[in-house]
Each structure stands twice: as C-alpha cells, then as structure tokens.
2 protein chains.
Amino acid sequence: MEAKTDVPTSPMEVTRGLREACMSCSLHELCLPRGLSGHDLERLDTLVDRRGPHHEGDHLFRVGDRFESIYAVRAGSYKSYTVDSEGREHVLGFHLPGDLLGLDAIYPSHHLCNAMALDTSTVCALPYDQLSILSGEISGLRVQIMRLMSKDLADTATLAGDFTAEERLAAFLVGLSSRFRERGYSPREFNLAMSRRDIANYLRLATETVSRVFARFEKDGLIEVERRAVRLLDLPRLQSLCEAMGGLQR
Amino acid sequence: MEAKTDVPTSPMEVTRGLREACMSCSLHELCLPRGLSGHDLERLDTLVDRRGPHHEGDHLFRVGDRFESIYAVRAGSYKSYTVDSEGREHVLGFHLPGDLLGLDAIYPSHHLCNAMALDTSTVCALPYDQLSILSGEISGLRVQIMRLMSKDLADTATLAGDFTAEERLAAFLVGLSSRFRERGYSPREFNLAMSRRDIANYLRLATETVSRVFARFEKDGLIEVERRAVRLLDLPRLQSLCEAMGGLQR
DNA sequence: ACTTAAACTTGATCTAGATCAAATACCCGG
DNA sequence: CCGGGTATTTGATCTAGATCAAGTTTAAGT
C-alpha cells in the first residue's frame, strides 16, 4: 500500500508539498504565475488553496453556487456545462491543467455553469477578493489575468461560428493537440478524457454524428481512434480541414 | 450650417466638451466609470481619447491591427466580425453605447476581428497600458474591468449553445430590448441598426430564415416589424420562447 | 464467469434550415 | 422623376445533420 497522499506525514511528503508550489509547478508558463519573479510568486503562492482530488463525476461547483474563488486546473480535467430548461445539456468547454475556471462568475457573483471532473483531478483555488487585491499590487499578475481572460473570450468566439461537423471535429482535435503540446505531452497521440456525448454537446452535434465523423476521418487516414485513444496521423490535413475556423479551438 | 463638432471653438463647444466627460456621461453606470468616485473618475477621464464620428461602414479596427486601446462605445453602434478562409462572414457581436470593444485582442496584442460602425458612431479610446497601470491604483476600476470581461464571457457562452432559429431570434430581440432598457430607451420599440444579413450571420442562420422567422413572429402577434423598425408586442411570450437560453443574449 | 447498464457504432429515415430562384421594395444619385 | 443597385421577402427544392432504431462493445458489479 502507498501512503495516503493528502496528508504530509514524512519528509518525502514535505518535499512533495514543495514541488507543488507555484514556483516549481510545471504549468508555470501557462497559468497565473507566468512572468512573475520569485518574491511575487511567493505572495501568489500564499493565496493558493490546493483542493481535490475530485473523482470522475464530482462537481467543483454548480450553477447558483456563490462565487468565491477562481480555479486553476492542476491535474486531470474538467468540463463546464449548463442544462437548459428543456433538460438539454450544453458543454461550454473542457479544461486542462493550467486553464482557469469560473471567470464568467465574477460579474454575477454566482456561478452560471457547472464544472465536473472528467478524471481524477485537482485544482488550485484562488479566493477572488484576495487575488483582486494582489493583482493591484503586482502588475505582472494583472497582465496575466487579463491575458487569460482575453484568450478565453477569443476562443469562445471561434466556437460560436457557423461551421460543418467536419470542420468542428477537426478543429477540436487540432485544438486539443496543441494544448497537449503546450503542456509537454504528445500532440500526436492522446486520450480523450470526455465521452462522445460530451464532445457532441460541446460541438453542437449529435453523438451519432461525432461517431460517424470519427469513422470517416479514420477511413480517410487522418486519424486512428479506438474508443478514447486517438492518434493523429495527418495533422497538416486536419489543420487544413479547419483552417476556416482559424486553425484551433478549445 | 452648424459648427464642426470635432474642434471646440466656442463657449458652447466647451460646455459640450464638459458634458462629454465621464463624470457627466449618461453611460456612467454601464461603462468603466461605474462605482468610481470623483477623483478617480477624473484620473480615468484623462486617459480617454474621444474619437469619431465614424460613419456607416467605417472601421474602428481590423484584423491584424496592432492592439493599443480598448474602446468604449459612446454613441451609435458597431458590429465585430471575422471573415473566414472561405470568405464567409461571422458576426461576433453588436456593440451599443457603454459596451467595450477590443478585449479579445489583449492576449495576442493584435486584433482578431474587425469592428465596423453600423451607424454614425463615436467611441472613447482607452490606451491599454495606461489603463492597466491605472487599474493597479484604483481597485474599483479593476473590479469593473473584470466584471465587464466576465459578462462578455458569459454572454458569448450563451450564444455558443445549440438552439432553434426561433429561440435564437427571440433571444436576440429580448436581449436587445433589455440592453435598450438599461440605456434608458424604450424596451418595446426600437430600430435595428443592423441588416438582416448581419443578424443572420450573428445567429448562424441564413438571411432568408431570419426573414421568415420575423414574418412568423409577426403573424403570431409577437412583434410588429417594418424594415428596421421593431415593436415587441408580447415580451412575456418572447421571453418564454427563449427561456431555454437563459433568457437573454447580446 | 454472468448480468446489467452504459457507451459507442451503424443503418434507415426525417426535418429544420440551407440553398436556389424570383419577385418586390427601397434607396440614392443624377 | 427615373434607373440601377441593394436589401428584403417569398416560394420551391435540397441536404447536412438530427432523430429513430437496433446492434455491439466495454466496464463494473456480484
């Protein structure tokens, strides 16, 4: 048996604790700490409340929950989604390590969507009022928060467009691929954390259509897909399929 | 003949200049100044570079332009849009007085979309680096910038969902209605600044479909529409048509 | 291993909305 | 007031993708 990982009880565990500090986090360059120097980083670090692990199906927050913190995904992945009055689910996004969650709740001060773990996952919670104060004092932090929000705005806008099922799915795969690359994983071969149904809801397609387009892509030699495991065989061609959308997506 | 409006040359013009200060701007409560006290407001005011008028079809910025300022619409209206590699236009949003434009360009530091005046329109340009510095010093300004970005994120997410043509158009009208109400105009009766084609591109529908749904709404006694002039006859029923979407939209 | 349920795929239809095709209305410059 | 271009409406088809309907594979218990 391994020791429980959520209570540091040995020197080894303490070392592990240190490794989890922003300073030594591998997501450094993607996440809030980007561009921050040693001392500022330490100050940010004191705000961080590391939470989890959440297991598949666990909720990080739900519609209507009071907004208190924004979350940075540390490990695993989450989906954000809403359920409309007809009971239809709309997936708003998939969130990988380094992504921020909960930004849309700042204005109304309560959450507008649900966030559910797709995997065994953990987050860093950043209490928003403290973060806001700190961002007044550290211009680099302010800059990075704005950058990340701006990026979210741009990404969402891309998805909003009117595109074919092929374009959407190609963009989805290419987008995931570059996000994995940024995070140091293979951009050619990865596992989908989300179900076909989630992908379909995200891309505004029927599950069956997603399945069929996957099959078509495989037949055309663009990808190899077996259940959740995907290998991109012809990234250039996939990119050209979705260049109409500006190339990528999240 | 009236005097040119862009060069203050008389006491009257000076008065007009004062009226245009943030402090006395009617958009105060919607726009960046919200929640700012007298002195802070004056500081914000010194950043503002009032530009225009732009005439119908004029561009405020275009894809690829270097990002320098964010813009607050002062009068008139703009649309933001992209043109994809197939030449299809995708309208991202319509921007009324008090709305901010250009936020999605912060991250890449160049504009990702075009912004075009739909009417004779003016903006307040806020140089982003100065605004960023000032927002470090004035917490209320920081709060308001985050609120407005957060709102944009939430709005865009709503549009991204999978809804019928009726739901979309109803939400569009209801959204416009509440935005006009917020701005002190009639929520029941207004003029559309945008063409059917723009509406269609925004809602991911064909122009013909927009036309037909307008006709259907009119036949059902929901609205009266003549060219660009719209009167909402049954707001409650329109709202119930789009409640699936969470009620509104921009 | 056996059951049951969920996830996924595949095939057959159906349909909302796109596209194609005119006709009509409006607007603007001369 | 007139001619030509653009915006809008209306009608007739067409089609991408939805929906309906079985299968099939996988995973989790028991």
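**Contacts of DNA strand D and the setting of Ser80(A)**

Tutor: In this predicted model, a polar backbone atom of Ala165(A) lies 2.8 Å from a phosphate oxygen of DNA strand D.

Student: What makes the pair formed by Ala165(A) and the phosphate oxygen of DNA strand D a polar contact?

Tutor: A polar contact requires a pair of N or O atoms within 3.5 Å, and the pair at Ala165(A) is 2.8 Å apart, so this pair meets the cut-off of 3.5 Å.

Student: Which side chains have a polar atom placed at 3.0 Å from a base oxygen or at 2.9 Å from a phosphate oxygen of DNA strand D?

Tutor: Arg212(A) places a polar side-chain atom 3.0 Å from a base oxygen of DNA strand D, whereas an N or O atom in the side chain of Arg196(B) is 2.9 Å from a phosphate oxygen of that strand. The elements giving two or more residues to the surface near DNA strand D are α7 (207–219) of chain A and, in chain B, α6 (196–203) and α7 (207–219); α7(B) gives the most, with 4 residues.

Student: How many residues of each class does the surface near DNA strand D have?

Tutor: By class, this surface has 10 charged, 4 polar and 4 nonpolar residues.

Student: Turning to Ser80(A), why is this residue called buried?

Tutor: Ser80(A), which belongs to strand β4 (residues 78–83) of chain A, has a relative accessible area of 5%; because buried means under 20%, Ser80(A) is called buried. Beyond its neighbours within four places in sequence, Ser80(A) is in contact with residues including His90(A), Leu92(A), Leu101(A) and Cys113(A).

Key: Residues are numbered from 1 along each chain as its sequence is written. Chains are lettered from A and ligands numbered from 1 in the order in which they are written. This is a predicted model: local features need pLDDT of at least 70, side-chain atom pairs count only at pLDDT 80 or more; totals for chains, interfaces and linings use all residues. Side-chain values use heavy atoms; hydrogens and water are left out. A polar contact is a pair of N or O atoms within 3.5 Å; within protein, one must be able to donate a hydrogen and the other to accept it, and residues adjacent in sequence count only if both atoms are side-chain atoms. Ala, Val, Leu, Ile, Met, Phe, Trp, Tyr, Cys and Pro count as nonpolar, Asp, Glu, Lys and Arg as charged, and the others, Gly among them, as polar. Buried means under 20% relative accessible area, exposed over 50%, partly exposed in between (1.4 Å probe, protein chains only). Contact means heavy atoms within 4.5 Å.
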